[in-house]
Amino acid sequence: MAPGMGIKVPAPRTRTGCLTCRKRKVKCDETKPICGRCIRLLRECTWGDQLQAIPYRQPQDSLTIIFTNGSKTPSLQINSLSCQNFVIELPNVDRTTISYIHHFITFCSRFLAYSNDDEGNPFQEELVPLASSSPALLHSMAALAAGHLARSQPQHEMAAAKHYSLALRELNQTLLDPVISRSDSPLGACLLLCVYEISYSENSLWLKHLQGARDLILFRGGPRTIDYLTRFFSLLDVSGSLSSGRGPLLQGNYWLDGSPHQGSAQNSKLLHWPYYDSDNVMVNQFQELMIYMAKLSRLSAESMSDLGVQQPDVIIEKAYEIHDELRAWWQNCPPALRDQSNHWRRQSRPRKLTIPETLKEEAFSRTKSCMQGCIIYLHHILDPLGREPQKEEVMDAINDILETAIETPEGYGLEMGLYWGLFMAGVAIFNDVVAEDLIRRKLKSDTGVSIYHADRALDLLEVLWKRQHQFENKLDWREVQIQMRMQL
């Protein structure tokens, strides 16, 4: 009350809460991407467009999730105009676990393989329905969702650990049945546990789970290019091999081998995944780039082996062969990708880009950054200690990566595709505090906008930079990684 007036002083109102809470005129804790109240009440948490350059939306062909509580068995009713509608019953699942599955469907699944993967997402449409009959898959989804939330909200830590433990127990039980072991459920669970370790845990068990996924793929008869889980595995396998100092877990270009046109409806949907790459330009070119990423990974492992020490000329010859192939491939890439300006967001256009068009351009930027990261990686294999003057090609790659990072808007999950290029730029610079500050800021994870982060990569760079400043010598990041016993 105002003194002597008997009038209640109005409480200050926030205008930065989520739209869901503001519409209901209740207090919002402003936790992103989903505030605490919306999690507790199982509501869709939406934010104003002014906070999102690429707002999440639920278009006609996307999934909507409705919680039904009329029966004793909790269920998720999933309605999609692009596929058959269905209801997933989750027997013996408590309301808290349901909220984690909700978070997995509405957020985590959209950033597993591609950022802002809103429509025709196979993790939503194909994998989630399997959770009703697979406790291992159910708890893997809940563990990943709780782990993501725990990075900014510690109260979810115990739930993440509980569901992770239950997922391991159920997965071990599932693998005793050879028939079930050939289904998608255990493979999906294994891959989600791998992502859990990458995104939430501080240890390197992600590689163990990825090896388990490889064994399941081989048990199922080998990799299939028409399978979304094989594609997801290949993305984790090849990218992980670059930073862990080993070659890919499966031999050959298995993500390309075979005909992608086998099958019918389900395979046709996979050909247009993610939805904003409707003509497959981004996916096709990135899968071609993965060939050279795999070759560089194997070459790096060889250069660190006895072969590299005893026959360095062999490594040099292979490196230049890969370099020429990579450059020839890049020159033959579609101009929309190869010639994209880093300033495309500020170019004047006759009309504003649609959301799918914007996301596709962002994907092109990330592909370019990965390619430039490969150029730096290749030259690092040739000259890991910087004994020769830095090549102009490397300096151009560093500048291009940093410029792309500066231009990329923050806070919308787009950063996950820049981590590799930024890490390699951080490896290539030498005692450049300005560049270090930029890379440090870009690699520091915003836990609310993606399930992935670059914390361990940044920890390695910090040690590398500190030692290079201290000793005034260029160091091999791979040797520093071995000394720190760190798996990136």
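User: What is the handedness of the crossing of H17 and H18?
Analyst: In this predicted model, helix H17 covers residues 392-407 and helix H18 covers residues 419-428. The two helices pack with their axes 9 Å apart. Their crossing is left-handed.

User: Are H17 and H18 oblique or roughly antiparallel to each other?
Analyst: The angle at which H17 and H18 pack is about 135°. Roughly antiparallel applies to angles over 145 degrees, and roughly perpendicular to 65 to 115. The angle falls in neither range, so the class of H17 and H18 is oblique.

User: How do the residues of the contact of H17 with H18 divide into nonpolar, polar and charged?
Analyst: From H17 come Val394, Ile398, Ile401, Leu402 and Ala405, and they meet Gly421, Leu422, Ala425 and Ala428 of H18. Gly counts as polar in this classification. The division is 8 nonpolar, 1 polar and no charged.

User: Which charged partner in H17 does Arg346 meet in a salt bridge?
Analyst: Arg346 lies in the loop between helix H15 (335-338) and H16, and its partner is 61 residues apart in sequence. Arg346 is exposed, at a relative accessible area of 56%, whereas the partner is buried at 17%. The N to O distance of the bridge is 2.6 Å. The partner in H17 is Glu407.

User: Which helices do the buried residues of H19 pack against?
Analyst: Helix H19 spans residues 433-443. Its buried residues are Ala435, Glu436, Leu438, Ile439, Arg440, Lys442 and Leu443. The helices they pack against are H17, H18 and H20 (455-471).

User: Which residue in the loop between H18 and H19 has a positive phi although it is not a glycine?
Analyst: Most residues other than glycine have a negative phi. In the loop between H18 and helix H19, one residue has a positive phi of about 55°. That residue is partly exposed, with a relative accessible area of 22%. The residue is Asn431.

User: Is Asn280 buried or exposed?
Analyst: Asn280 sits in the loop between H11 and H12. Although Asn280 is not a glycine, its phi is positive, at about 65°. Its relative accessibility is 15%, and the cut-off for burial is under 20%, so Asn280 counts as buried.

User: Which residue meets Lys360 in a salt bridge?
Analyst: Lys360 belongs to helix H16 (residues 355-382), and its partner is in the loop between helix H11 (265-271) and helix H12 (281-303), 81 residues apart. Lys360 counts as buried at 15% relative accessibility, while the partner is partly exposed at 44%. The two side chains come to 2.3 Å, N to O. The partner is Asp279.

User: How far apart are the closest N and O atoms of Glu302 and Lys318?
Analyst: Glu302 is in helix H12 and Lys318 in helix H14 (residues 312-331), 16 residues apart. Glu302 counts as partly exposed at 25% relative accessibility, and Lys318 also counts as partly exposed, at 32%. The two residues form a salt bridge. Their closest N and O atoms are 2.9 Å apart.

User: Which residues are linked with Asp184 in a network of salt bridges?
Analyst: By the distance rule applied here, the count comes to 21 salt bridges. Asp184 takes part in a network of such bridges. The residues linked with Asp184 are Arg220, Arg224 and Asp227.

User: How many nonpolar residues does the contact of H6 with H8 have?
Analyst: Helix H6 (residues 157-174) and helix H8 (residues 184-199) pack at about 145°, their axes being 11 Å apart, and the crossing is left-handed. H6 contributes Ala160, Ala161, Tyr164, Ala167, Leu168, Leu171 and Thr174, which meet Pro186, Ala189, Cys190, Leu193, Tyr196 and Glu197 of H8. By class there are 1 polar and 1 charged residues. The number of nonpolar residues is 11.

User: What distance separates the C-alpha atoms of Pro384 and Leu475?
Analyst: Pro384 is located in the loop between H16 and H17. Leaving aside neighbours within four places in sequence, Pro384 is in contact with Lys474, Leu475, Asp476 and Arg478. Pro384 and Leu475 are 91 residues apart along the chain. The separation of their C-alpha atoms is 7.0 Å.

Conventions:
Residues are numbered from 1 along each chain as its sequence is written. This is a predicted model: local features need pLDDT of at least 70, side-chain atom pairs count only at pLDDT 80 or more; totals for chains, interfaces and linings use all residues. Side-chain values use heavy atoms; hydrogens and water are left out. Axes are lines fitted to C-alpha atoms, for helices over the stretch in contact, and angles run from 0 to 180 degrees between N-to-C directions. Helices (H or I, at least four residues) and strands (E, at least two) are DSSP runs, numbered from the N terminus. Angles under 35 degrees count as roughly parallel, over 145 as roughly antiparallel, 65 to 115 as roughly perpendicular and the rest as oblique. A crossing is left-handed if the near helix is turned anticlockwise from the far one by less than a right angle, and right-handed if clockwise. Contact means heavy atoms within 4.5 Å. A salt bridge is a side-chain nitrogen of Lys or Arg within 4 Å of a carboxyl oxygen of Asp or Glu. Buried means under 20% relative accessible area, exposed over 50%, partly exposed in between (1.4 Å probe, protein chains only).
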